[in-house]
Amino acid sequence: MESLNNCRRPWSLIVERGEDASGEGQGEICRCWSPGVSSSSANMALLEQGDNAPPENCHRLVLLGSSKVGKTSIVSRFLYNKFDDSYTPTIEDFHRKIYRIKGEPYRLDILDTSGNHPFPAMRRLSIITGDLFVLVYSIDNRESFEEVVRLCQQIRECKSQCLKGNGSNIPIVLLGNKCDKEKSRTIDQTEAINLVEQNENCRFIETSAKKNINIEESFIRLFEMGNLPVEMSPSLHRKVHPQYVGGSHSSSQRRGMSIRRKMSDACGTIAPNVRRPSIRTDLLVAQMRTKTSKSSLIGESREKCSIQ
Ligand SMILES: Nc1nc2c(ncn2[C@@H]2O[C@H](COP(=O)(O)OP(=O)(O)OP(=O)(O)O)[C@@H](O)[C@H]2O)c(=O)[nH]1
Ligand SMILES: [Mg+2]
């Protein structure tokens, strides 16, 4: 991290966690710190706003798929615009991004699950608590495609039980990842298209986390399907340090921005050191949503949404 004294531009002093130091970072990263700005009540912390986001603005996105298909790499590309060639198995990773869009706070939680799913009950809990789903297979791995077929089915069944028939509306994007490995392709696009055609509110996109192909597009598509603001996408909001919402852009910064982003007041930050809510909290939230969705069938929903 740059030291305070060595830095020429005061607004660039704060390095957002996970920023790509190699310069590969996704366009402009906006630091809203400036010498005169303090964390006064007028300049309310973005993180606090996120904590107070109304339930309808809080969403959980869950990534599911076989091991090594690239789930973690997709999240890393989306949040940090980074890619790592090495492989570290995930047990479960939880990320939180807080936004302020058109003056309103939003919270996006991202649950990156394990492809090995050693605990089926955990996977079922992930499905119960998810609002939006990213199913990932690798275009060079047939078994991983068969797994997304099963997952699609499992999500629909599980959500239909919990939401009393509304499960088919849950937004799902199916990602055929590693499309940079065309020579090793074993899954034809038509197979994936057939699968999404059998499912309502389901879209298919081929991606490469490695080459950064269609990653942002996939998330934008998912946000649109879930009626979430598309400004949640990395190139459509300013990235700010967690503590600050205010601050201004330098004219050189504004020149580098896309017109769409100049027009938008949206900003967002990755919340540092966030812990996954406890299973009890997850279950309570799921139960609350079940109640809201079909208050007349509470008892039955509770019974059927059990974790097996
Ligand atoms: N060629 C290529 N390799 C990729 C791509 N995405 C991920 N990888 C590589 O594939 C391996 C597995 O990626 P991960 O993102 O860790 O896979 P995962 O699905 O999270 O795996 P689990 O955590 O075990 O479930 C890593 O070595 C990545 O570098 C891609 O788009 N193209
Ligand atoms: Mg992983």
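A residue is buried if 20 or more other C-beta atoms, placed from the backbone, lie within 10 Å of its own, exposed if 12 or fewer, and partly exposed in between. Helices (H or I, at least four residues) and strands (E, at least two) are DSSP runs, numbered from the N terminus.

This is a predicted model: local features need pLDDT of at least 70, side-chain atom pairs count only at pLDDT 80 or more, and totals for chains, interfaces and linings use all residues. Residues are numbered from 1 along each chain as its sequence is written, while chains are lettered from A and ligands numbered from 1 in the order in which they are written.

**Exercise 1. The two faces of a helix**

Task: Find which residues of α4 are buried and which exposed residues sit on the face turned away from them.

Solution:
- Start with the span. Helix α4 covers residues 142-162, 21 residues in all. From first C-alpha to last it reaches 30 Å, close to the 30 Å expected at 1.5 Å a residue. The expected span is 1.5 Å times one less than the number of residues.
- List the buried residues. They are Ser144, Phe145, Glu147, Val148, Leu151, Cys152, Ile155, Cys158, Lys159 and Cys162.
- Look down the axis of α4. The buried residues fall within an arc of 150°, so they line one face of the helix. The arc is taken over the directions from the helix axis to the C-beta atoms.
- Recall the geometry. An α-helix has 3.6 residues a turn, so residues three or four places apart point the same way.
- Turn to the face away from the buried side. Glu143, Arg150, Gln153 and Glu157 are the exposed residues there.

**Exercise 2. Order of the sheet**

Task: Trace the order of the strands in the open sheet, then name its edge strands.

Solution:
- Fix the rule. Two strands pair if DSSP finds at least two bridges between them.
- Write the order. The open sheet of eight strands runs β6-β5-β4-β1-β3-β2-β8-β7, with mixed pairing.
- Name the edges. β6 and β7 each pair on one side only.
- Check β1 (residues 58-65). It pairs with β4 in the parallel sense over five bridges. Leu61 has Leu132 as its bridge partner in β4.
- Check β2 (residues 92-101). It pairs with β8 (residues 267-270) in the antiparallel sense over four bridges. Tyr99 has Gly268 as its partner in β8.
- Finish with β7 (residues 238-239). Two bridges join it to β8, and these strands run parallel. Arg238 stands opposite Cys267.

**Exercise 3. An enclosed strand**

Task: Explain why β5 is largely enclosed.

Solution:
- Count. Six of the six residues of β5 (residues 172-177) are buried, so the strand is largely enclosed by the rest of the structure.
- Split by side. Ile172, Leu174 and Gly176 are buried on one side, and Val173, Leu175 and Asn177 on the other.
- Add the neighbours. β4 (residues 132-138) pairs with β5 in the parallel sense over six bridges. β6 (residues 202-206) runs parallel to β5, joined by five bridges.
- Zoom in on Leu175. Its bridge partner in β4 is Val136, and Ile205 in β6 stands opposite.

**Exercise 4. A buried loop residue**

Task: Place Glu231 and decide whether it is buried or exposed.

Solution:
- Locate. Glu231 lies in the loop between α6 (215-225) and β7.
- Classify. Glu231 has 23 C-beta neighbours inside 10 Å, so it counts as buried.
- Find a contact in space. Ile101 is 130 residues away in sequence, yet 7.1 Å from Glu231, C-alpha to C-alpha.
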